[in-house]
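Work through the following exercises with the sequence and the model at hand. Each task is followed by a solution in steps.

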Amino acid sequence: MVTCSAPGKVYLFGEHAVVYGENAICCAVDIRTHITVEENDSVLIESPLGTTGIDYSVHPYVSEVLEKVRAMSPFEGIKVHVESDIPIGSGLGSSAAVTVATLKGLDNLLGLDLSLEEIASIGHEIEIQVQGAASPTDTYVCTMGGTVMIPDRKHLDLLDCGVVIGNTNVFSSTKELVSNVSALKDAYPELISPIFSTIGNTAIRGETLLAVKDYKEVGKLMNVNQGLLDSIGVNCPELSSLIYAARNAGAFGAKITGAGGGGCMVAIAPEDKVEDVSQAISEAGGVSLITKFTGQGVRIE
Ligand code: PMV
């Protein structure tokens, strides 16, 4: 029996613009998905979503991992047990975490000897197969952990400050939002392209501020990034109220993380303000999660 876990992730800068080749900074956070794998008579997947065999309607990611691994190394049966602290479908990388953690567990159980790069890359293929399209960012960051500049995959220092996530619990479809942004860019390229390049520049300037741990200024640039995300139509009233609540409670900065239109926001804050920020997010109607940035990617427990 092997137990593995993998972290979720937040975007400090650059979502949406990254689709058009701009820079982005993505950080692993210590909200984790745990999986346990063991040999079994048949294939069994247990999670809060139910207990099934290979079943793409209930467990698409784990089913695809099992099929892919079976093609590499035939097995009779495997039991996969999933427990996750990462809210599903809220932009925190829940699908990447379950995919990568299951891959790592099976790698260990069956002696496949996959490198972390191979796990990240197979994880990305699986996300594409299940979702139709996916950026490699989630699977890479949740495999490797840490703070990563995209697209170069340069590893930056971990942030040494508080981080609070607020979940609106409003459903949003990444595919739909990316497609709306693309339509906006097609209609007004001379307006939207400079917005993308300014978003990319928040990541580039952000990198130099992170290097000197100037989180106050990093927060300011996150707020600039948020205004630009609003301008391309991916904000919503629920996200806005959590973001303003976090800023008013003393966060350095707060913005959408991920596709927007619902899902989650992220705030960075001085350590002594995280409780206030968390409470403000809850009072504004969000589900608040105080977490930590982590250098720990997928790991065997
Ligand atoms: O909501 P998430 O975590 O899937 O993030 C989407 C990030 C986008 O930049 C909007 C899309 C992408 O594939 O990079």
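**Exercise 1.** State where Pro 151 is placed, and describe the peptide bond that leads to it from Ile 150.

Solution. The model is a predicted one. Step one: Pro 151 sits in the loop between strand S6 (147-150) and strand S7 (154-156). Step two: the bond from Ile 150 to Pro 151 has omega near 10 degrees, and it is cis. For background, most peptide bonds are trans.

**Exercise 2.** Find the loop that holds Asn 169 and give the sign of its phi.

Solution. Begin with the location: Asn 169 belongs to the loop between S8 and H5. Then read the backbone angle: phi of Asn 169 is positive, about 60 degrees, although this residue is not a glycine. As a rule, most residues other than glycine have a negative phi.

**Exercise 3.** Work out the strand order of the open sheet of four strands, and explain which strands stand at the edges.

Solution. Step one: the order is S9-S10-S8-S11, with antiparallel pairing. Step two: strand S9 (253-257) and strand S11 (287-291) each have a single partner strand, so one side of each is left without a neighbour in the sheet. Step three: on average, and with direction ignored, neighbouring strands of this sheet are turned by 25 degrees against each other. Step four: look at one pair, S8 (residues 162-167) and S10 (residues 264-269), which are antiparallel and joined by six bridges. Within this pair, Val 163 has Ile 268 of S10 as its bridge partner.

**Exercise 4.** Describe the surroundings of the ligand: which residues come nearest, which polar contacts are present, and how much of the ligand the protein buries.

Solution. Step one: 13 residues surround the ligand, and Lys 9, His 16, Gly 91, Ser 135 and Ala 259 come nearest. Step two: sort the shell by type, which gives five nonpolar, five polar and three charged residues. Step three: assign the shell to domains; domain 1 (2-155) and domain 2 (159-291) each supply at least three residues.

Step four: apply the 3.5 Å cut-off for polar contacts.

- A polar side-chain atom of Lys 9 is 2.7 Å from a ligand oxygen atom.
- Gly 91 places a backbone N or O atom 3.2 Å from an oxygen atom of the ligand.
- For Thr 174, a polar side-chain atom is 3.3 Å from an oxygen atom of the ligand.

Step five: the ligand taken alone exposes 380 Å², of which the protein buries 86%. Step six: strand S1 (2-13) and helix H5 (174-187) are the elements that give two or more residues to the shell.

Note on methods. Residues are numbered from 1 along each chain as its sequence is written. This is a predicted model: local features need pLDDT of at least 70, side-chain atom pairs count only at pLDDT 80 or more; totals for chains, interfaces and linings use all residues. Side-chain values use heavy atoms; hydrogens and water are left out. A residue is near a molecule or strand if one of its heavy atoms lies within 4 Å of it. A polar contact is a pair of N or O atoms within 3.5 Å; within protein, one must be able to donate a hydrogen and the other to accept it, and residues adjacent in sequence count only if both atoms are side-chain atoms. Accessible areas come from the Shrake-Rupley method with a 1.4 Å probe; for residues, only the protein chains shown count as cover. Ala, Val, Leu, Ile, Met, Phe, Trp, Tyr, Cys and Pro count as nonpolar, Asp, Glu, Lys and Arg as charged, and the others, Gly among them, as polar. Domain bounds come from an automatic or database domain assignment. Two strands pair if DSSP finds at least two bridges between them. Axes are lines fitted to C-alpha atoms, for helices over the stretch in contact, and angles run from 0 to 180 degrees between N-to-C directions.
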